[in-house]
Structures are given as C-alpha cells and as structure tokens.
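Here is an informal walk through one model, going from helix packing to strands and then to aromatic rings. Keep the structure open beside the text as you read.

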Amino acid sequence: MDSLYVSSHPDDFKSLLALVASEFCPSPPRVITEEPPKQLAKSRPALVIGGSEAAVLTGPSAVAWYLAWQGKRTGAGAQQESQVWQWLSFAENEVIPISCSVVFPLLGLVGLQQTSRAELIRVLKALDKSLEPQTFLVGETLSLADIAVAMAVLLPFKYVSLSDRKSLVNVSRWFVTCVNQPQFLKVLGRISLFYLFAVGPPKTEAQLKKEAKKREKMEKFQQKKQMEEKKKQQQTQTEKKAKPEKKELGVITYSIPTPAGEKKDVISPLPDSYSPQYVEAAWYPWWENQGFFKPEYGRKSLSEPNPRGIFMMCIPPPNVTGSLHLGHALTNAIQDCLTRWHRMRGETTLWNPGCDHAGIATQVVVEKKLMRERGLSRHDLGREKFIEEVWKWKNEKGDRIYHQLKKLGSSLDWERACFTMDPKLSYAVQEAFIRMHEEGVIYRSKRLVNWSCTLNSAISDIEVDKKELNGRTLLPVPGYKEKVEFGVLVSFSYKIEGSDEEVIVATTRIETMLGDTAVAVHPSDPRYQHLKGKTIIHPFCDRKMPVVFDEFVDINFGTGAVKITPAHDHNDYEVGVRHNLAFINILDENGYLINVPPPFLGLKRFDARKAVLQALKDRGQFKEIKDNPMVVPVCSRSKDIVEPLLKPQWYVDCTEMGKQAADAVRDGRLKIIPDHHLKTWFNWMDNIRDWCISRQLWWGHRIPAYFITVDHSSVKPGERAVRRGGKREKNLPQTGWLTFDMPVSDEDVLDTWFSSGIFPLSIFGWPNESEDLNVFYPGTLLETGHDILFFWVARMVMMGLKLTGKLPFREVYLHAVVRDAHGRKMSKSLGNGLHNQLTDSNLDPLEIEKAKQGQKSDYPSGIPECGTDALRFALCAYTSQGRDINLDVNRILGYRHFCNKLWNAVKFAMKALGENFAPLEKSQVGNGAESVSDRWILSRLSAAVVLCASGFEAYDFPGITTAIYNFWLYELCDVYLECVKPVLSRSDGDSDAQSQADVCRQTLYTCLDVGLRLLSPIMPFVTEELFQRLPRRSTKDSPPSISVVDAEMEFVMTVVRTIRSLRADYNLTKTRADCYLQCIDSESTCLVQKYSLQLQTLSYSQAIHAVCGTDAAIPQGCAVAIASDKCTVHLMLKVRRLLVDLFFYLFVI
C-alpha cells in the first residue's frame, strides 16, 4: 500500500493539495503525519509507492499529479493534460508566492516581503476572467487544476479582507463550488470564509471560540518554528563553522583563457551552480567562427535543392541610433527560436541582419550631440560637413545594437549584414524610385503634410503621437518659455457684408482664422438658407469670404457654422478643393506667421494665438471660451506640436498597390497570424491614401530628381516645369529654342520607410541578379510587432509586388507589444526599459532623474542579474497571441531558478550515468526491457516533442515553453530522477539489477539528449554548455553543436513525417500497415535498417522494410510519397481494402 507523508498543520496548502488529490484515488494511500525517513525524502508531502521498485515522489505538484492521475482527474486527452499542467504552474509560480506574502504577515509570520493586495487582486481578476464562461478551469468536471488553484487561494479566502469583492463573482462562485465537494469537505471541513467574501449574519459565540482556538494553534506553530530555527542555527554554528555559506545563485565567471572563436573548455568540471556569466562566455564567437549561422553550412552549394526546404527571414532592421530594449529583445527572442528550430530540422536557413539609417532619429541625435559638445547647429557646419559627422557617429556608435544582439544569442548570418545607406542598398532605392516614377506611380503634388517646425521637415503618421486632453491643459512646446494652452474651444463672430448680421464659429486653433477663406454650413440647415450668395468680411484685412454649403458640416455641433482654413486643416483642405477656395498659407517652415496683416506678421504661431484672441476681444467679436476634449498631434522626435502645412512633396499612388496587397491576403497567398489583425489590414488597404515619401532632412537617401529652369515664353515665370528622374531624362517640350540652367538636385530625402519597404529585395542586391536573390527571395516569414503592420509590413508587400511581381514572404506573424509590470510601454523616460544607457542619451536631465526614480521605485534592491536564457524563456512564455505583454522582472528571475534546476539535474544525471557510460549507437527505445517508470518518462518525452513541434508550427510559444518546463521540472526532475535513485543504488552484484540499471541509464541519457535539444532554440547558451558535457552516441555522425542538425536523425524524422502524412491522407488513424522504404543507395538503406525500430514506433507502422534500388520487392496496392531525394515511401493499403470488402460483404450484401 502507498504511504503519503503530510503535515498536520491545517493551513499547510502543499499537504492539503496532496490530501484532496488522494481522496479521488480508487485506493487512497495511507496518510502519515510524521516526518518521512531521511533516506526516503527530505520534505513533505512525499509519496512512497509500494512495489518492487519502492519509488518515492516528493513535491506537491508531482505527488498531486500521480494521485489525481489515478483518480482520472488530470484531463481527458493530451490537450487537457497540457492545460492542467499550465494551471499547476500558474498556481505554483503566480498565486502561491503572492498569497503567502500577503497572508503570512497578517498571521505574524516573519521573513517574507509583504506584497500589495493590489497584486493579489490582479491575479484573482485574471482567474475570474478565465472562469467567466465555464464552471471549472479545464473541461466540464473538477480536475487537478481546480484542486491546485483552490489550495493556492485558500489562505486569502480565509484571512484577507478584499474590498474588490464585486469584481470577483466568478472566482467566489467557483471556490465555493470546489470546497463543497465531498473530497474537499473530508479534508478541509466546512471553511469559514472572510466576511467580505461571504456576507452573512454576525458570528456566533461558538464560531468565535473556534477562531480563538485556531489563533492559539497558530501561535504554538510559530513558537515551534522559532525553536526549530534556533536549533538549526546552533547546529550550523557548532558543526559547520569552517564551511562557508553556500549561495545557490552566486556569480561565477569563466576564467580559462580562450582565444576568440576557439571552442570553450568543456573538460573542467561544471561549477556548483548555474551562473549566466560563466555559461554565456565564449560560446557565441565559436558558433560564429564555425559558420553554424550561415545557410551554406553543411552544403556544397546554395543552389542545390534541399529536400527539407528553405527558411528565410530578414530582421526588422533596428534604428542605428538604438540600444537594445525589451521590445527588440522580444522580437529577436521569437525570431531566433524559429530560426534555430528550422536550422535543427535540416532546412537551408538564413536569418539576415541589417540596420536602418533612421533619418529623423539619427539627425536629431547627431544635432543634439553637436550642440551639446561644440555649440554648433547643422546649419553652422553645412550639409556636406554635417553628413560627415553623421557617418563618423555611425561608425563609432552604430554597431552597438549588433553587439547587443550577439549577447542575446541571435543566430544571424553577420557576413550578410546590411545598412540601408550602404551603396548596394542605396542603388536599389534609387532604381525603385526611378522605375515607379517612370510608371507614374511616384508623382509630385502640393498637399497638406504633417509638419514639425522644430525639425523643419514633414513627418510620417507613425512619428505623430496623439495626445488626448480632457479639457484645458498647458503643454510645453519647444522654443517657448511658457507653456501653451490647449484643450479649449474659442467662439467668435464674422460679420455679414452689407448688414449687421453675424455668424458665430468656433475653433481650437484661433490663430488659424488669419488664413480663413470661407465659412461652411450644411445645405439642409434652415438657419442659414438666407445666406446663399452672401459674403463675410474678415475682421483684420479686406478679405471677402463666401458662405459655402457642404454636407461635411454637422448641423448639431455648435452653431452649425464652420470656419474654413484650407491651407491648415485636412478637412478644410477637401472643402477648399470642392469649392475652389483660396489656399492661404500663414505659416513658414519655422512656425512664424506670413501672409498676414500687421501686427500679426512675423509673430510665432502660439504668440499669435494670444494676440488674435485679444484683438477679437478689442473688436467685440469674441464670444466665449470653454473646455473642449481634444487630441493634440505631437512629434514623437522633437515633442513639437505638429502643424498641417501645404507643401510640394513627392507621393506614391497606393491605390492599385493597396488593392493587390489586400487581394493577396484574401486569396490566401499571404497569411497574417494571428487572424484578428485581418480587419486592420483590410481597413487600411481598402481605404489607403497616397503616401508622402519626401522629407526635408539632410541624412537619408537623396531623392534622385533634378529641377531645371526653362527660359521660354510657354513656361510661366517662377514655375518649375521640367523634372528629371535619376539618369533618365524626360523629353523637353519641342517648342522653339530652349535655354535652361544647370540641373539642381532635389534637396529632400526619402522617407525611411521607403528604403525599409524594399529591404527584403535590396539586401540580396536587387535589381542585379544574384544567387542569394534567386534562392532566398521570396522569403518564408516576416515576424514583427503588430504596431508597424501598416507602416512597414504593408509597404513591403506593396513594393515587392510592384517591383518583382512576387510577395516578399508567405506568412506574417505579429507579436504583441511588451510593457512593464504596470502595463506601461517601455520608455527611457519611465526608466522601465532595463538599460543603463540613460546617462549616455539625449534625455533632458529632469527626464533622466525621473527615469532613475522609476527604476528605484520598482527595484529598491537593484535589478537582479537573470541571464540571456532566462530572459528569452520568459519573453517566449509571455508571448500569447492577441494580447500585450506585461513583463515582470521577478518572473524572469523565476526562470533563472529554472536554469539552476536544469543545471543541477544534468549534473546529477551525469554523475548517475558514471564516467564510463557509453550511450548505445542506436537508441533501443521500446525494446521491452524498460520498467514502468522508464516507459512513463519516455511517453512524457514523446508528448513534449509533439507539443513543441506543433507549437512551433502554430507559433504557440507559451505552449512550447509550458511543455518543456513541465517535462524538465515536474516529470524528469520531480518524478523520474527520484524513481531512478533506488534503481541505480542497488545495481551492484545482482545481474538483473545491473541490467535494469543499464536500461535506466540509457533511458536517462535519451531524456537528457532530447530534452536539451527541445530547449536549445529558446535557451541556446545553457543547453550548449550542458550538451557539450554529454557523451555521444556516435563520434562520426554527431553534430559539433546542439544548434546544428543531426543529419541521421533529421533523415528519420523526414521519413516519419511523410509516413504520417500518407496515413492521414488515407484515414489510417487506427490501422497499422506495412511500410516499404525505397532507397536509391546503400547508405540510405543502411540508415533505414539502423533506425527501423524508431521509424516503426514513431510512424505507427506494422513493419518497416528497407528496399534498395528497383521496386521489384515492393508489393502492389501501396500508396506512394517522396520523403527525400534518396528515399520514397510505399505504404501498404491492401489491409484496409480487405477490411472494406469484408465490411461490405457482411453488412451490405
């Protein structure tokens, strides 16, 4: 009979979890409340499983899983089992730490840092949302998931006063349902919930006495704990004075001299504990030096077909000004996981790096640097000298982000790294502009643009922040000493010519009334029908303005009359075009007033705001001013208020290109994941506007257009009539003799997104032919954040189709935006970006101090070192499709502890294997010699492999990390390693015991080898370190690194996938059939024979038959599929045909 060792304390939730789970067992174990024998287990709960092996399980999760599994409470099927594991992890890692840190201080227990109740409410609300549509957490019946989470929230429900009770209706309902189950009642009894969770009558005298007894017991428990701690301290002082205190997660560095690019020393013993500084040292230069990241690795030629396929992805090029923040880390963690997974599958894999010149951002950085260090502006230097300064800065600081990406372990092919201002890419940009200009897709027009007066340039929509105001607000504006008022609506009147009548209008930008050229009313508004044909007098000049009737006016808003400023408002611009109004520009490029009468002429725009308001008051035409909720456009680079300004600019006609991009998604040629972004895609593409691509900057791709001045009567004075694009001169008018000045190059540069839009083409040398262009274009995948779906992804699709007729990639995966633990976007000014570059930035000193205070508030003891592997694992674990990521450093720290657990597990396993252990060249999985525990762990390993494979294909990164985490922590460490200890300890002398131990060691090795490979795409450094310490099955065919493919195993998996695909096509889901593998050479035949057992097991075949050469030995009635260029699969269908005939004969005839 099994024995369950538990604590007798009524609030020991770990023991309570095991006890409740045991109540669901058909044969519950014997419960013992004493300490277990030291040779069996060190802590409670512990389960001693009876039988010949006398296995011992420790840890609440492992014990509860085993007991619940016996009672069929671990979920129906693999999917529900995985969900139960996730809820177990949620209870252990999220709920229990918060519950303890909130409740224990209330009970007088010390030694724990108290957590705010707001954090507890946050977790409970997340749980409440999950329970909203269902009664239980997994499936339709109570499962281990409900038991585990209910025990995790037991203490808060009993002892904590939570005022937010109304928002936790579903949690309260679920908890009451759980604890009133017979199995819970037998263990817990009737639970008296805290008043705010269960409102009822006042407590009786008996209830108060019961609570007093509980408090008395708790005090005794405290005293007992204190006595135990004193004894431990005394023992430590007397017995271990000479031994220094052992730090589980200390900092250990790698100090063995290793030349850059040489392999790290793997002969020295592993350190006692995991340390990121030790593990991450020296591996990346060796990977790079060995060429593992190059698609040519292991291949004679890129042009040679690879039957396993090609995977190509280009990096979203980070700004050259940037330093790595968590947004970049998330992007690159996901992309590197995918790249490493495809590379380990044997595909020709290229992840192409690059960096963007970031026109506005770079120019701003260098301008501020010049002003700060030398007191010079770019105009003081001149264009050529300033460009030299930018290149100098780029060469000094521009590679910083590349070094940071290497620190992250990003397996990019650095020899193919590109910078968008490189000659190769610049030529592609120029060629794209010229081709699109010649086709009439690029044209020049005078329209309203987003103008930054500080930058003296037009900016794109993505560089405009929308600042929402609830009412009157004072905002700082560059160039103004005092803050400027926004969020108010000013009403004033215009006089009707020839009468005393007036029309009242309102505006949030009163200074723009100086550029008004009309007043608009709705055609159906009865109040203004008498004004048809009337004109209005401008109060500050002799301008007469018409009253126009336009349906865009809202009758019910304000007075129903709207002032029209066509040159300074996007809606007014459209009205001005429809009614042929005058376009009067009242602002120059620096924000000073022009084309206006004195005294306003030459004023700064917001100084003019005050002057115009006062002048209207003086004339008696001011009516009122009131608060008005509004959105203010702010330049993200300069923090200036963006002005709509009428400027001649270059535009791309996107109508036809947008339709093609939308149709590509509708036709299924381009897949966007997750699909809830499709609505956004179609909304943008179906309503796309022309794209302004010129910027008034000095840094960037100079527009390849030239202006000439023509001296001819057919050309109006001052008009720029003839343009040349690139080197392809347009035909000049053939009207007499023309004389013109030397061509003048356009001073504007192209929008940065233009060069980014052809990035998948230009990196391979387009428009010139190259091997890379032929092999890797179109690419496989584009992975990026959903916030640039339109600004980058859509433009790549449009320009790729326009210039090549091909999509640049087949799939687009959009990850969420990473935020801090409070839900705020990562920002230098908030200090939440986890970087130390604050002082080496262009932030205002006040902003730097604010950022430092933000970091100090969140991390009073400093940010703990977690390591690259833990960070990558945390980011992937958080990446759930469809929601943003609130990243908490404490969660990352938890995964560093997981690395330490992994480290210790492999160290123990290697010690258990022994120095003379040699793994079999061919794995003997499934040969019948394994024990129950061996078969169990192999089945769990197989399930983890399946979950990881399906997770990578579906971009389900939380599913991948959960499968790996559960296998290593809860199945291998908590269960199997405990089970093998007695097997290995009694293997001396007895031949049967020795044989069983040998099988156990081979099984353990298989788990380590495959488990590390599963984890390698996510945690490349620690898995490489541990993998290099493992013995090899075959020194001849073993890969030099865990990051590259094992050719033989990849051949096996390719064949297995082909057989499985055939079985699915012919619906052979439950029928085993013979499989004949026809190989073209003896080498492939030997591989099939060598791995026949694995092929048979993994493909669920009756038997595997290797056939070399001709198909004479293959019987008729087989389905055929090509697995690779060296192997063809023939799957016997005759068995299924006989079954069909028999069914037809028995039941139909």
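In this predicted model, helices α27 and α28 are oblique to each other, because their angle of about 120° falls outside the ranges that count as roughly parallel (under 35 degrees), roughly antiparallel (over 145) or roughly perpendicular (65 to 115). If you want to find them, α27 covers residues 868-878 and α28 covers residues 889-913. Their axes are 8 Å apart, and the crossing is right-handed.

Some aromatic residues form a cluster worth picking out next. Ring pairs link W65, W85, F873, Y895, F898, Y965 and Y970.

**Strands**

Let's move on to strand β22, residues 643-652. How many of its 10 residues are buried? Nine of them are, so to speak, under cover: the strand is mostly buried. Strand β22 also has pairing partners. Strand β9 (residues 442-452) runs antiparallel to β22, and 10 bridges join the two. One place to look is R447, whose bridge partner in β22 is K647. Strand β24, which is just residues 691-692, pairs with β22 in the antiparallel sense too, over two bridges. Here V652 has W691 in β24 as its bridge partner.

Next comes an open sheet of three strands, in the order β23-β33-β32, with parallel pairing. Strands β23 (671-673) and β32 (781-785) stand at its edges with a single partner strand each, so one side of each has no neighbour in the sheet. On average, neighbouring strands here are turned by 20° against each other, direction ignored. Between β32 and β33 (residues 811-815), five bridges make the parallel connection, and L781 stands opposite E811 in β33.

Strand β15 (residues 502-507) makes a nice contrast between faces. Which residues are on the covered face, and which on the uncovered one? V503, V505 and T507 make up the covered face, while E502, I504 and A506 make up the uncovered one. That pattern is easy to read because in a regular strand the side chains alternate between the two faces of the sheet. Strand β14 (residues 488-496) runs antiparallel to β15, joined by six bridges. In β15, I504 is the bridge partner of S493. Together β14 and β15 form a hairpin with five residues between them, and G498 in the turn has a positive phi of about 80°.

Another glycine to look at is G533, in the loop between β16 (518-521) and β17 (535-537). Is G533 buried or exposed? At 74% relative accessibility, G533 is exposed, because the cut-off is over 50%. G533 and P546 are 13 residues apart in sequence, with their C-alpha atoms 7.3 Å apart in space.

**Aromatic rings**

Searching the whole structure turns up 41 aromatic pairs. One of them is F386 with W698: the ring centres are 5.9 Å apart and the planes stand at 70°, so this pair is edge-to-face. The two residues come from distant parts of the chain, 312 residues apart. F386 is in helix α15 (residues 383-397), and W698 is in the loop between β25 (694-695) and β26 (705-708). Both count as buried, since F386 has a relative accessible area of 0% and W698 has 16%.

W684 and F790 form another pair, with ring centres 5.1 Å apart and planes at 50°, so this one is tilted. Why does the pair tie together separate parts of the sequence? W684 lies in helix α21 (residues 678-686) and F790 in helix α25 (residues 789-804), so the contact joins parts that are 106 residues apart in sequence. W684 is partly exposed, at 31% relative accessibility, whereas F790 is buried, at 15%.

Here are the relative accessibilities for these four ring residues.

| Residue | Relative accessibility | State |
|---|---|---|
| F386 | 0% | buried |
| W698 | 16% | buried |
| W684 | 31% | partly exposed |
| F790 | 15% | buried |

Charged side chains meet rings as well. K604 lies over the face of Y480, 4.2 Å from the ring centre. Over the ring of Y1100 sits the charged end of R1072, at 3.9 Å from the centre.

Conventions
Residues numbered from 1 in each chain as written. Heavy atoms only, no water. Phe/Tyr/Trp six-rings, centres within 6.5 Å; stacked < 30°, edge-to-face > 60°. Helix = DSSP H or I, 4+ residues; strand = E, 2+ residues; numbered from the N terminus. Buried < 20%, exposed > 50% of the residue type's maximum accessible area, 1.4 Å probe, protein only. Lys NZ or Arg CZ within 6 Å of the ring centre and 35° of its normal. Pairing = 2+ DSSP bridges. Axes fitted to C-alpha atoms, helices over the stretch in contact; angles between N-to-C directions. Left-handed = near helix turned anticlockwise from the far one by under 90°.
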